[in-house]
Amino acid sequence: MTAQDAATALLREVTGREADGVWSAPGRVNLIGEHTDYNEGFVLPFAIEHRTAAAVARRDDDVIRVMSTFAEEPVQVSLGELDDAIARGGLDWAAYPLGVAWALRRAAPDAETFGVDIAIASDVPVGAGLSSSAAIEGSVASGLNDEWDAGLSRVELARVGRTAENDAVGAPTGIMDQMASMLGVADAATFLDCRTLETDSVELGFRPAGLTLLVMDTNVEHSHATGGYRERRESCEAGAAGLGVSSLRDVTVEDLPHAEQVLDDVTFRRVRHIVTENQRVLDTVWTLRSAGPRTIGELLVASHASMRDDFEISVPELDLAVETALANGAIGARMTGGGFGGAAIALIDDEKTADVGAAVTAAFAASGFTAPTIFTVRPSEGARRDA
Ligand code: ADP
Ligand code: MG
């Protein structure tokens, strides 16, 4: 059953009513550009075929009730109490959809808002680094934008999603995931300048080149993710302050020798990752456009090395997945997402994909690691109305 059908069925089961409409938004994989988003740099994510769907039905009162196939109990709040409920916190998963409703009302104060039932279902794996959070935000934001006739653009809806995640959920993330989910185009990646929020679609051409993108989820929980993520952000801020710039976006590869002289070793290496990663994103876009996907392998590999050695956010499972994929013929591979666990990706000739997957699974077993979850993804369309 598709996520759209599951959401419609859940709405019917809980409310006994039919949906006014169904909206969905995808998860995403980041091809390259890690931890650059909050440094006002560049990223190159693409939306995937795994989607979260929101079935929405208007109510005649001012209650927003959210339900998910992931959660036993619906959660409800009246529009009048929404600000207080968000400020109080403790909403658990419901902070995502309710946070979106709250942020959307602030972003579109003139919209005529009314109560709604929202049923959510998803086939985006949660916590695997595929951004199930942006998918739930994008589906609910798209649904409420139409239902409430709020008239926000896709970029504004991405901002609504980020506001929900930052201020209602309390996760200090950048805007990459929401932009990828809102703006995705089939068979293309979204090149995003996180300073200006300008985007450009970049054709990936995996299929015509005979290439498959494999995701290798290590199933390692990002146990240090929150603390480690915050620490890396702080290092980046310290690096920018030490170099007298407002963000590391303003530092180039040519500035690195000077940075090495004025920063302590750890801060310097954090800075070097961001600065070289920004350059690698630009190089990847240029390479894709001029020579196609077969030539981006080295950039992916260099990105992984930088995250492992300079930014220090990899774990042995991610390193093993990348090394094994490369040893078995992958064109390129790297960890993707925030690090400390989660998934790695590999770009592989179609006919070698099964062998690479088997080799990674075998290598994990030989090392005594938890078995990885391995699957392919296709660059797919962004948020949309389905019904
Ligand atoms: P990721 O975005 O990498 O999957 P996050 O921790 O950012 O991981 O977001 C996962 C959280 O988003 C879940 O723990 C849950 O609270 C919420 N979430 C995602 N999808 C759903 C869903 N379909 N139903 C309810 N909550 C969801
Ligand atoms: Mg997330």
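This is a walk through a predicted model, one selection at a time.

**Stop 1: the six-stranded sheet**

Start by colouring the strands. Six of them make an open sheet, ordered β5-β4-β6-β3-β1-β13, and the pairing is mixed. Look at the two ends: β5 (75-78) and β13 (384-385) are the edge strands, and each has a single partner, so one side of each has no neighbour in the sheet.

Now select β4 (residues 63-68) and β6 (residues 116-122). The two run parallel and are joined by five bridges. To see how they line up, show Val 66, which sits opposite Ile 118 in β6.

Add helix α1 (residues 3-15) to the view. This helix packs on the sheet and touches β1 (21-30), β3 (45-58), β4, β6 and β13, and its direction makes about 140° with that of β6.

**Stop 2: strand β3 and its partners**

Keep the sheet and pick out β3. Its pairing with β1 is antiparallel, over nine bridges, and Pro 26 faces Arg 51 of β3 across that pairing. With β6, β3 also pairs in the antiparallel sense, this time over seven bridges. Arg 58 is a handy marker here, standing opposite Val 116 in β6.

How many of the residues of β3 are buried? The count is 12 of 14, so the strand is largely enclosed by the rest of the structure.

**Stop 3: Asp 20**

Click on Asp 20, in the loop between α1 and β1. Buried, exposed or in between? Asp 20 counts as partly exposed because its relative accessibility is 38%, between the 20% and 50% cut-offs.

Leaving out residues up to four places away in sequence, Asp 20 touches Val 56, Ala 57, Arg 58, Glu 147 and Arg 385. Try a distance label too: the C-alpha atoms of Asp 20 and Val 116 are 10.0 Å apart, although 96 residues separate the two along the chain.

**Stop 4: the nonpolar cores**

Switch to side chains. In soluble globular proteins, nonpolar side chains tend to be buried together. Here the largest nonpolar core has 50 residues, and the ones with the most contacts inside it are Ile 64, Leu 82, Leu 98, Ile 118 and Trp 148. Helix α3 (residues 95-107) gives the most to this core, contributing seven residues.

Zoom in on Leu 98. Which residues does Leu 98 touch, not counting those up to four places away in sequence? They are Ile 64, Val 66, Val 75, Val 77, Leu 82, Ile 86 and Leu 91.

Then move away from that core to another one of 36 residues, which includes Val 275, Met 307, Leu 318 and Val 356.

**Stop 5: helices α5 and α6**

Select α5 (residues 154-169) together with α6. Their axes come within 8 Å and cross at roughly 145°, and the crossing is right-handed. For the contact itself, show Arg 154, Val 155, Leu 157, Ala 158, Gly 161, Arg 162 and Glu 165 on α5, which meet Gln 178, Met 179, Met 182 and Leu 183 on α6. That set divides into six nonpolar, two polar and three charged residues.

α6 is mostly covered, with eight of its eight residues buried. One of them to centre on is Gln 178, in helix α6 (residues 176-183). With a relative accessible area of 3%, Gln 178 is buried, and its contacts beyond four places in sequence are Ala 134, Glu 137, Ala 158, Gly 161, Arg 162 and Glu 165.

A side trip: Ser 142 belongs to helix α4 (residues 132-147). Ser 142 is buried because its relative accessible area is 8%, under the 20% cut-off. Its neighbours within four places in sequence aside, Ser 142 is in contact with Trp 23, Leu 157, Met 182 and Ala 383.

**Stop 6: the three-stranded sheet**

Finish on an open sheet of three strands, β2-β7-β8, with antiparallel pairing. The edges belong to β2 (42-43) and β8 (199-203), each with a single partner strand, so one side of each lacks a neighbour in the sheet.

Two bridges join β2 to β7 (residues 188-193), and Phe 42 has Asp 193 as its bridge partner in β7. α6 turns up again here, packing on the sheet in touch with β2, β7 and β8, its direction at about 135° to that of β7. Finally, bring in helix α9 (residues 265-291), which lies across β2, β7 and β8 and runs at about 50° to β8.

How values were computed
Residues numbered from 1 in each chain as written. Chains lettered and ligands numbered in written order. Predicted model: local features only at pLDDT ≥ 70, side-chain atom pairs only at ≥ 80, totals over all residues. Heavy atoms only, no water. Core = buried A, V, L, I, M, F, W, Y, C linked by side-chain atoms within 4.5 Å. Buried < 20%, exposed > 50% of the residue type's maximum accessible area, 1.4 Å probe, protein only. Helix = DSSP H or I, 4+ residues; strand = E, 2+ residues; numbered from the N terminus. Contact = heavy atoms within 4.5 Å. Axes fitted to C-alpha atoms, helices over the stretch in contact; angles between N-to-C directions. Left-handed = near helix turned anticlockwise from the far one by under 90°. Nonpolar A, V, L, I, M, F, W, Y, C, P; charged D, E, K, R; others polar. Pairing = 2+ DSSP bridges.
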